[in-house]
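Thanks, everyone. Let me put the model on the screen, and then I'll walk you through it.

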Amino acid sequence: MILLDSERDAISARISESCPPEIQKVLTAAWAHNVETVKKLLDTPEAARGQDPLTGETPLHAAIRSCGPPSEDDDEADLTAARETVQELLLWGGIWNDVDDRNETPGCVALRLGRTDLYNLCVDAGVRAEMLFGVLEGYEELESGDEDEEEDAHQEAEESEMVVVGEDGEDGEEAPELVDVPTNGAEETTPGFVPPQNDAVDVNSEAYLRSKLTYSDGKLVDDDGNGVMMAWETDIMRQSVDALLPGKLPGKRILNIGFGMGIIDTMFAETKPAKHHIVEAHLEVLEHISSPGSKFGPSWEASAPEPGAYKIHQGKWQEVCVKLLQEGNVYDAIYFDTFGEDYSQLRMFFTELIPGLLDSNGIFGFFNGLGADRTICYDVYTKVSELHLADAGLDVEWKVIDVDMSRLAEEGQGEWEGVRRRYWTLDKYRLPICTFLG
């Protein structure tokens, strides 16, 4: 039997009979937006993060889902209680991007139901979390890696397990009592929720640089079938060039990090720049560039207005760009689009290198695919990158571009045929146009 969305979102479908009582209490109180009961039950961050073992429902999912879509029957008092419940859960460590059995985060549910205020609470929580992680990663780099591991393990062995004992948590009852139960090494465990699996492979830069690449049918894929670059991105690249080079005037100095299929570099070359430097690290891409018929082989370099003005720099940008900086190179337009690197590398690029490489009146851009597999992640990373760009002395304007989803909507179909993972799912692209503040 196929259930309607309203039936699939019903409490009976989301809180299973096999849900442990302590998790069920929090889920039920969150569903009812019973703020006082929720506060009593939230004695540890784990209480705010509990999940139904079958549906993956978290208290955040429950508090948002029970609101349903907006209607004329909305009770303003209940909606206020819903906001307070969500805020309390987030305060106690509710996870903004936990997924349920439908691969939906709490924010995804809010967006689907049209509950914009609750969605914004989830986005703000995501921004806070990612900003904090960014700070903690900086601290971790100062540590030795295995420092204090033995001490931590010793402390964990001595810690007692805490359980909640109390009534159902109705309004007016006393807060649940905490009782110490010594850990005896043979504690019972309830099987936890297992999130939906996808076949995405976590590709890091080193693995990517060792991989075998294939150019075919308007796409560049690695040997695991991951899309490195695809022809559907052409319009984004064209509009990026328009933003980086207003009026496409000749004689500009251009730096591009990551050649890929050469889409944006072909467009850059058409503007007849005074300087055009390309940084590329993958050996097979470099072989492709130097192959017969390539637009960026030795003849291209020889056509430069002066020696070295048109050049393919072979190697990792982390090393090449330092040399370019030391040589005194400055550019009017810089574009960044690498593969197999996380956001921290992009942040390092615009924080440490852009201030020295970009002309004071220059423009910096990057391929903005951060979190593009779901709307809430894209919104979170938009705000996070905006804050970090400001820290680096850069202002950013976002130009919103419509993405034609007619051949991008289905996994394994259309543009995604032969590609392992659908890395883009959104009908809007935010094109970043970055300039120095002031």
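**Helix packing first**

Helix 16 and helix 17 are roughly parallel to each other, a label for angles under 35 degrees, with over 145 called roughly antiparallel, 65 to 115 roughly perpendicular and the rest oblique. Their axes come within 10 Å and cross at roughly 10°. Axes here are lines fitted to C-alpha atoms, for helices over the stretch in contact, and angles run from 0 to 180 degrees between N-to-C directions. Helices (H or I, at least four residues) and strands (E, at least two) are DSSP runs, numbered from the N terminus.

A word on the source. This is a predicted model, where local features need pLDDT of at least 70 and side-chain atom pairs count only at pLDDT 80 or more, while totals for chains, interfaces and linings use all residues. Residues are numbered from 1 along each chain as its sequence is written, and side-chain values use heavy atoms, with hydrogens and water left out.

Back to the pair. Which residues of helix 16 meet helix 17? Trp-317, Gln-318, Cys-321, Val-322, Leu-324 and Leu-325 do. On the helix 17 side they meet Gln-345, Met-348, Phe-349, Leu-353, Gly-356 and Leu-357. Contact means heavy atoms within 4.5 Å.

Helix 17 (residues 343-357) also packs with helix 18 (residues 375-391). The angle is about 25°, and the axes are 10 Å apart. That makes helix 17 roughly parallel to helix 18. The crossing is right-handed, meaning the near helix is turned clockwise from the far one by less than a right angle; anticlockwise would be left-handed. Helix 17 brings Tyr-343, Arg-347 and Phe-350. Helix 18 answers with Tyr-381, Val-384, Ser-385, His-388 and Leu-389.

Just before strand 9 (331-336), in the loop that follows helix 16 (317-326), we find Glu-327. Glu-327 is exposed, at 59% relative accessible area. Cut-offs: buried is under 20%, exposed is over 50%, and partly exposed is in between (1.4 Å probe, protein chains only). The side chain of Glu-327 makes a polar contact with the side chain of Asn-329, at 3.2 Å. A polar contact is a pair of N or O atoms within 3.5 Å; within protein, one must be able to donate a hydrogen and the other to accept it, and residues adjacent in sequence count only if both atoms are side-chain atoms.

**Buried faces**

Next, helix 14, residues 283-290. Its buried residues are Val-285, Leu-286 and Ile-289. Seen down the helix axis, they fall within an arc of 100°, so they line one face. The arc is that of the directions from the helix axis to the C-beta atoms. Leu-283 and Glu-287 are exposed on the other side. What do the buried residues pack against? Helix 11 (205-210), strand 3 (214-216), strand 7 (275-280) and strand 8 (310-314).

Helix 8 is another story. Here 6 of the 8 residues are buried, so helix 8 is largely enclosed by the rest of the structure. They are Pro-106, Gly-107, Cys-108, Val-109, Ala-110 and Leu-113. Gly-114 follows helix 8, with a positive phi near 80°.

Now a buried arginine. Arg-14 sits in helix 2 (residues 11-14). Its relative accessible area is 2%. The Arg-14 side chain makes a polar contact of 3.0 Å with the side chain of Asp-101. Beyond four places in sequence, Arg-14 has further contacts, among them Asp-52, Glu-57, Asp-100 and Arg-65.

**Backbone outliers**

Most residues other than glycine have a negative phi. Two go against that. Asn-103 is not a glycine, yet has a positive phi of about 60°. Asn-103 lies in the loop between helix 7 (76-91) and helix 8 (106-113), and is partly exposed at 37%. Lys-248 has a positive phi near 50°. Lys-248 is in the loop between helix 12 (234-244) and strand 6 (253-257), and is partly exposed too, at 39%.

**The whole chain**

To finish, the totals. The protein chain has 18 helices and 12 strands. Of its 438 residues, 45% count as buried. Among contacts with a separation of 6 or more, 70% come from residues 24 or more positions apart. Questions, please.
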